[in-house]
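Biologist: Could you pick one part of this model and take me through it closely? I'd like to see how its pieces fit together, and then what surrounds it or turns up elsewhere in the chain.

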Amino acid sequence: MAHTTSAHQIADLFAERAKNLAPPTYGTELTKIVSVSFTYGLADPTLFPHADLADASAAVLAQEAAIALNYGPPSAQLYEQIILRLQAQGIAADRDRVLLGYGSGQILGLLPDVFIEPGDVVIVEGPTFLGVVARFVHAGARLITIPVDELGMDVDALEETLSDLKKQGIRPRFIYTIPTFHNPTGTTMPLFRRQKLVALAAEYGVLVVEDDAYKDLRFQGEAVPSLASLDQEGWVFYVSTFSKIIAPGVRLGWACGDPAIIERLAMFKSEGPVGPFVSHVVGRYCATGKLDAHIQKLITCYQHKCNLLLEAIAAEFPSDIVALQPDGGFFVWCKLPQNISAKALLTACAEHGVSFLPGTRCYANGQGDDAMRLAFSFQPNDKIVEGIATLGRVLRQWQR
């Protein structure tokens, strides 16, 4: 059948919210000729617990196939294991307060469905993880950015912002924060700031969304209580994931918060909670008690990679570049001198087969050309050293 010329376009049928969406960029770099990529916070595939997951899968297929492979709810054992982990952190958790999702990103991406109407104010950090924040923007949120320093979100600046908004009769829908091993800066908010943030949330009646994806990967320093464990009035909505401590491919995350929020988010998950089979496999694996030992293995490896990266930076980078040392997580944030543009530097480095995430891709307000994020999690040790040496050569040539 011959095609006919028509003035009509398929794109004319798109809803307004779908017309201006940018195509996803995550992972596309892997198809390019890049020798060393510090761009994405990918997990080290050599650390995946292949054998233990295979054993758990075999056990599920042998003993629970009838329910695990059929339509149905997620594993009750998985709920139990997540609730136990939350309670061990001092977070009030029970079945009515926990939601499972296909990774924490899916749950965070559903927040606009429940909370945001076009024009509503949402408070975010600057810099932050734009992969999530972009969903708030697509829903029509008006973003207000609070700066992040070496101690995480500046809660004094937040207090001023909340006070100003209240004078205008504006109540923000929520505050999105990554207080522990922040993405991208790697910083950790100290206890006194956390206490003030939780108190401000209660005073102004604003929900705090705590994204805690990297909590378990602490290399050094003392653990700091989560915002959710400090919260006594129900203003913190806590989100975490198995992606960093088991494998991203299992696509399992969870949230804990007010049952009314959990109930409404679940209503927008038309596909259901999560796949029954993978929930049974991960629930069984966690119940063996092997997960905590596996996390210790991850910590040892990622700490070594982080130290290797920092040592290479100290040896190879010009002295006027400041690298923040994280206590955990996947990232090192570097502040560049005023005469260096991160975007221009990225173009120059790409010619030498090295890439990183420029700071401009971590701000919702256009800032960030004076910084870059280096992810050390995925690259082998020799590639970390090689990549930083190349980056250092480009930087020194740049400053001549």
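Modeller: Let's start with what a pair of strands is: two strands count as paired if DSSP finds at least two bridges between them. Keep in mind that this is a predicted model.

The part I'd pick is an open sheet of four strands, in the order β10-β11-β14-β13, with antiparallel pairing. The edges are β10 and β13; each has a single partner strand, so one side of each is left without a neighbour in the sheet.

Walk across from the β10 edge. β10 covers residues 322-323 and is joined to β11 by two bridges, with the strands running antiparallel. If you want a spot to click on, valine 322 stands opposite lysine 335 in β11. Next comes the step from β11 to β14, an antiparallel pairing over five bridges. Here cysteine 334 stands opposite methionine 372 in β14. The last step is from β14 to β13, again antiparallel, with two bridges. Methionine 372 turns up once more, as proline 358 stands opposite it. So methionine 372 in β14 faces cysteine 334 as well as proline 358.

How enclosed is β11? The strand spans residues 331-335, and four of those five residues are buried, so β11 is largely enclosed by the rest of the structure.

Now for a helix that leans on this sheet. α13 runs over residues 342-350, and its buried residues are Ala342, Leu345, Ala348 and Cys349. Those residues cover an arc of only 120 degrees around the axis, which puts them on the same side of α13. That fits the usual geometry: an α-helix has 3.6 residues a turn, so residues three or four places apart point the same way. And what do the buried residues of α13 pack against? They pack against β13 (357-358) and β14 (371-375) from our sheet, along with β12 (354-355) and α14 (381-398).

Since cysteines came up, you may be wondering about disulfides. The structure holds zero of them. Take cysteine 286, where the nearest cysteine sulfur belongs to cysteine 256 and is 16 Å away. Sulfurs have to be within 2.5 Å to count as a disulfide. Cysteine 286 is also buried, at 8% relative accessible area. Cysteine 301 is likewise in no disulfide, with the sulfur of cysteine 306 as its nearest, at 12 Å.

One more stop, away from the sheet: the aromatics. There are nine aromatic pairs in the structure. In one of them, phenylalanine 115 and phenylalanine 174 have ring centres 6.0 Å apart and planes at 75 degrees, so the pair is edge-to-face. Phenylalanine 115 belongs to helix α5 (residues 103-115) and phenylalanine 174 to strand β6 (residues 174-177), so the pair ties together parts 59 residues apart in sequence. Both of those phenylalanines are buried. Phenylalanine 136 and tyrosine 176 form another pair, with centres 5.8 Å apart and planes at 80 degrees, so this one is edge-to-face too. Phenylalanine 136 sits in helix α6 (residues 130-138) and tyrosine 176 in β6, 40 residues apart, and both are buried. Ring pairs link Phe115, Phe136, Phe174 and Tyr176 into a cluster. Tyrosine 79 has a charge for company: the charged end of arginine 95 sits over its ring, 3.7 Å from the centre.

How values were computed:
Residues are numbered from 1 along each chain as its sequence is written. This is a predicted model: local features need pLDDT of at least 70, side-chain atom pairs count only at pLDDT 80 or more; totals for chains, interfaces and linings use all residues. Side-chain values use heavy atoms; hydrogens and water are left out. Rings of Phe, Tyr and Trp (its six-membered ring) pair if their centres lie within 6.5 Å; planes under 30 degrees apart count as stacked, over 60 as edge-to-face and the rest as tilted. Buried means under 20% relative accessible area, exposed over 50%, partly exposed in between (1.4 Å probe, protein chains only). A charge sits over a ring if NZ of Lys or CZ of Arg is within 6 Å of the ring centre and within 35 degrees of the ring normal. The arc is that of the directions from the helix axis to the C-beta atoms. Contact means heavy atoms within 4.5 Å.
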